[in-house]
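Q: Could you take me through one part of this fold up close? I'd like the central strand pairing first, then whatever sits around it.

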Amino acid sequence: PMQSILLHVGSDPAFPSRLQAALDLVREFDGHLTCSQVISYDMPVPGDFYGNAAGMILPVVREAAEELREATEQRLGREGVSYGWIMSY
C-alpha cells in the first residue's frame, strides 16, 4: 500500500534535512509526499501601533514563501516523486 508522508516546509535551517529524509522515505515505501507550508502573518513589530511596518513586511513574507515553494517544487520535479502541496495563510 502507498504511504503518505507529510513534510513541514519552512525556511528554517533544518528544512533541507527534513526534505531529504522525506524523499528517502517516499522512495523507500513508494509513497506520496504532501508538503505543508504555513505562512504566518502574526508578527509583532514593536512600536508599530498603526500596523504600517507590518503592512510593508507582509508582501516580503509572501514573496519569500513563494520562492521557497518554487525552489522546492523544482527539486521535487527533478526527484520524480509523487507530491502535493498545501499552502496555508
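A: Strands S1 (residues 4-9) and S2 run parallel and are joined by 6 bridges. Two strands count as paired here if DSSP finds at least two bridges between them, and the elements themselves are DSSP runs numbered from the N terminus: helices are H or I runs of at least four residues, strands are E runs of at least two. For a concrete pair, look at Val9, whose bridge partner in S2 is Gln37. To get from S1 to S2 the chain goes through helix H1 (residues 15-28), and this β-α-β crossover is right-handed. That label applies if, with the strands pointing away from the viewer, the path from the first strand over the helix to the second runs clockwise.

Before going on, a word on what you're looking at: this is a predicted model, where local features need pLDDT of at least 70 and side-chain atom pairs count only at pLDDT 80 or more, while totals for chains, interfaces and linings use all residues. Residues are numbered from 1 along each chain as its sequence is written, and side-chain values use heavy atoms, with hydrogens and water left out.

Now the other neighbour of S2. Strand S3 (residues 82-88) runs parallel to S2, with 7 bridges joining them; His32, for instance, has Ser82 as its bridge partner in S3. S2 itself (residues 32-38) is largely enclosed by the rest of the structure, because 5 of its 7 residues are buried. Buried means under 20% relative accessible area, exposed means over 50%, and partly exposed is in between (1.4 Å probe, protein chains only). Across the whole chain of 89 residues, 28% count as buried. Zooming out, you have 2 helices and 3 strands, in the order β-α-β-α-β along the sequence.

Just before S2, in the loop between H1 and S2, comes Asp30. Asp30 has a positive phi of about 50 degrees despite not being a glycine. Most residues other than glycine have a negative phi. Asp30 is also exposed, at 59% relative accessible area.

Back in H1 you'll find Leu23, which is buried with a relative accessible area of 0%. Leu23 and Leu76 are 53 residues apart in sequence, yet their C-alpha atoms are 8.5 Å apart in space. Over in helix H2, Thr72 is buried too, at 3%. A polar atom of the Thr72 side chain lies 2.8 Å from the backbone oxygen of Leu68.

Leu68 also helps line the largest pocket, along with residues including Val9, Gln37, Ser11 and Ala65. A pocket, on a 1 Å grid over the protein atoms alone, is an open set of points where a 1.4 Å probe fits, with protein on both sides within 12 Å along at least five of seven lines; lining residues have an atom within 4 Å of a point. The space in this one comes to about 200 Å³. S1, S2 and H2 (52-79) each supply at least two lining residues, and H2 gives the most, with 4. One of the lining residues, Ser11, sits in the loop between S1 and H1 and is exposed at 73%. Ser11 and Ala65 are 54 residues apart along the chain, with 8.1 Å between their C-alpha atoms.

Conventions:
Points joined across faces, edges and corners; volume = space filled by probe spheres on them. Polar contact = N/O pair within 3.5 Å; in protein donor to acceptor, adjacent residues only side chain to side chain.
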